[in-house]
Amino acid sequence: MRIAVDLDGVLAETMEAWCKRANEFLGTSLRLADLDTWASWRKLGISREQFFQFLDEAWDDWESIPPTEPRLAERVRNLSRSGRIDIVTGRSKESVKAAKSWLAEHKIPYERFVRVPGWKDKISLNYDVYIDDAPELMPLISRNPMMWGILYSRPWNRTVPELRHVFRVKSWTEIPRLLEQIQQ
Ligand SMILES: [Mg+2]
């Protein structure tokens with residue numbers, strides 16, 4: 001199986017650093033749990049561009065970005081017997097180097113680092129399984145009988161309903177068992 005693993009919000013806890021940036025800039029006191037919608041920029045009254053600029057800036061200081069879970073490298077490695085892991089991300093060109101440094105620092109195993117211009121482009125790469133936190137990606141996966149989605153549960157994807165071929169997980173430790181189920 002070919003497995004596409006997202007970076008922001010699934011491996012790297014980028015939004016913590018995002019909140020710090022945004023709070024400095026906007027004078028707010030946002031926390032991760034406040035980012036409860038995908039298009040949080042609307043709710044916060046900032047532009048989409050500003051939202052993604054904060055995200056890019058967060059990656060400038062990649063060393064301060066924590067992983068989403070403890071012992072993440074080991075938990076990701078447990079997937080490798082089910083298939084090939086690629087990192088598939090919508091990161092900007094400018095932040096690719098930082099993202100790769102972060103992955104190396106945290107010893108996350110993967111074969112290829114694939115950058116896509118937008119989240120919709122992930123689908124055209126035809127992976128068998130997508131591990132992602134983007135709510136909008138899941139309905140597209142669900143529509144394709146050849147694909148499976150594993151939705152990594154986050155405050156901003158709480159409203160995603162149950163979908164065919166999509167599993168919701170709270171932790172990486174739940175994923176190996178699901179992949180075995182998918183393979184059968
Ligand atoms: Mg993400």
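User: How do β1 and β4 pair, and over how many bridges?
Analyst: In this predicted model, strands β1 and β4 are paired in the parallel sense, with 3 bridges between them. Within that pairing, Val5 stands opposite Ile131 in β4.

User: What about β1 and β2: how many bridges join them?
Analyst: Strand β1, residues 2-5, is joined to β2 by 4 bridges, and these two strands run parallel. Ala4 has Asp86 as its bridge partner in β2.

User: And which strand follows β2 on the way to the edge?
Analyst: The order of the sheet is β3-β2-β1-β4-β5-β6, so to speak of β2 is to speak of a strand placed between β3 and β1. Strand β2, residues 84-89, is joined to β3 by 4 bridges, and the two run parallel. Thr89 stands opposite Arg115 in β3.User: How is the sheet built overall, and which strands stand at the edges?
Analyst: There are 6 strands in an open sheet, and the pairing is parallel. The edge strands are β3 (112-115) and β6 (166-169); each has a single partner strand, so one side of each is left without a neighbour in the sheet. From one strand to the next, the twist averages 25°.

User: Back to β4. How many bridges does β4 share with β5?
Analyst: Strand β4 and strand β5, residues 148-152, pair in the parallel sense over 4 bridges. Tyr130 has Gly149 as its bridge partner in β5.

User: Are the residues of β4 buried or exposed?
Analyst: Both faces of β4 are covered. Val129 and Ile131 are buried on one side, and Tyr130 and Asp132 are buried on the other.

User: What is Val129 in contact with?
Analyst: Apart from its neighbours within four places in sequence, Val129 is in contact with Met1, Ile3, Trp148, Ile150, Leu179 and Ile182.

User: How many residues are in the largest nonpolar core, and which have the most contacts inside it?
Analyst: The largest nonpolar core has 45 residues. Those with the most contacts inside it are Ile3, Val5, Trp18, Val129, Tyr130, Ile131 and Ile150. Helix α1, residues 14-26, supplies the largest share of this core, with 5 residues. In soluble globular proteins, nonpolar side chains tend to be buried together.

User: Where does that core lie with respect to the domains, and why?
Analyst: Domain 1 (2-13 + 66-183) and domain 2 (14-64) both give residues to this core, so the core lies between them.

User: How far apart are the centres of the two domains?
Analyst: The C-alpha centres of domain 1 and domain 2 lie 21 Å apart. In terms of contacts, 17 residues of domain 1 touch 14 residues of domain 2. The side of domain 1 that touches domain 2 has 8 nonpolar, 4 polar and 5 charged residues.

User: New topic: where is Trp62, and what does it touch?
Analyst: Trp62 lies in the loop between α3 and α4. Setting aside neighbours within four places in sequence, Trp62 is in contact with Ala98, Ser101 and Trp102.

User: Why is Trp62 called partly exposed?
Analyst: Trp62 has 19 other C-beta atoms within 10 Å and is therefore partly exposed. A residue counts as buried at 20 or more such atoms and as exposed at 12 or fewer.

User: How far is Trp62 from Pro135?
Analyst: Trp62 and Pro135 are 25 Å apart in space, C-alpha to C-alpha, and 73 residues apart in sequence.

User: Where is Arg71, and what is its phi?
Analyst: Arg71 is found in the loop between α3 (48-60) and α4 (72-77). Arg71 is not a glycine, yet its phi is positive, at about 50°. Most residues other than glycine have a negative phi.

User: Is Arg71 buried or exposed, and how far is it from Trp172?
Analyst: Arg71 is exposed, because 11 other C-beta atoms lie within 10 Å. Arg71 and Trp172 are 101 residues apart in sequence and 9.9 Å apart in space, C-alpha to C-alpha.

User: What is the phi of Asn126, and where is that residue?
Analyst: The phi of Asn126 is near 55°, a positive value in a residue other than glycine. Asn126 is found in the loop between β3 and β4 (129-132). Asn126 is exposed, with 11 other C-beta atoms within 10 Å.

How values were computed. Residues numbered from 1 in each chain as written. Predicted model: local features only at pLDDT ≥ 70, side-chain atom pairs only at ≥ 80, totals over all residues. Domains from an automatic or database assignment. Contact = placed C-beta atoms within 7 Å. Nonpolar A, V, L, I, M, F, W, Y, C, P; charged D, E, K, R; others polar. Core = buried A, V, L, I, M, F, W, Y, C linked by C-beta atoms within 7 Å. Pairing = 2+ DSSP bridges. Axes fitted to C-alpha atoms, helices over the stretch in contact; angles between N-to-C directions.
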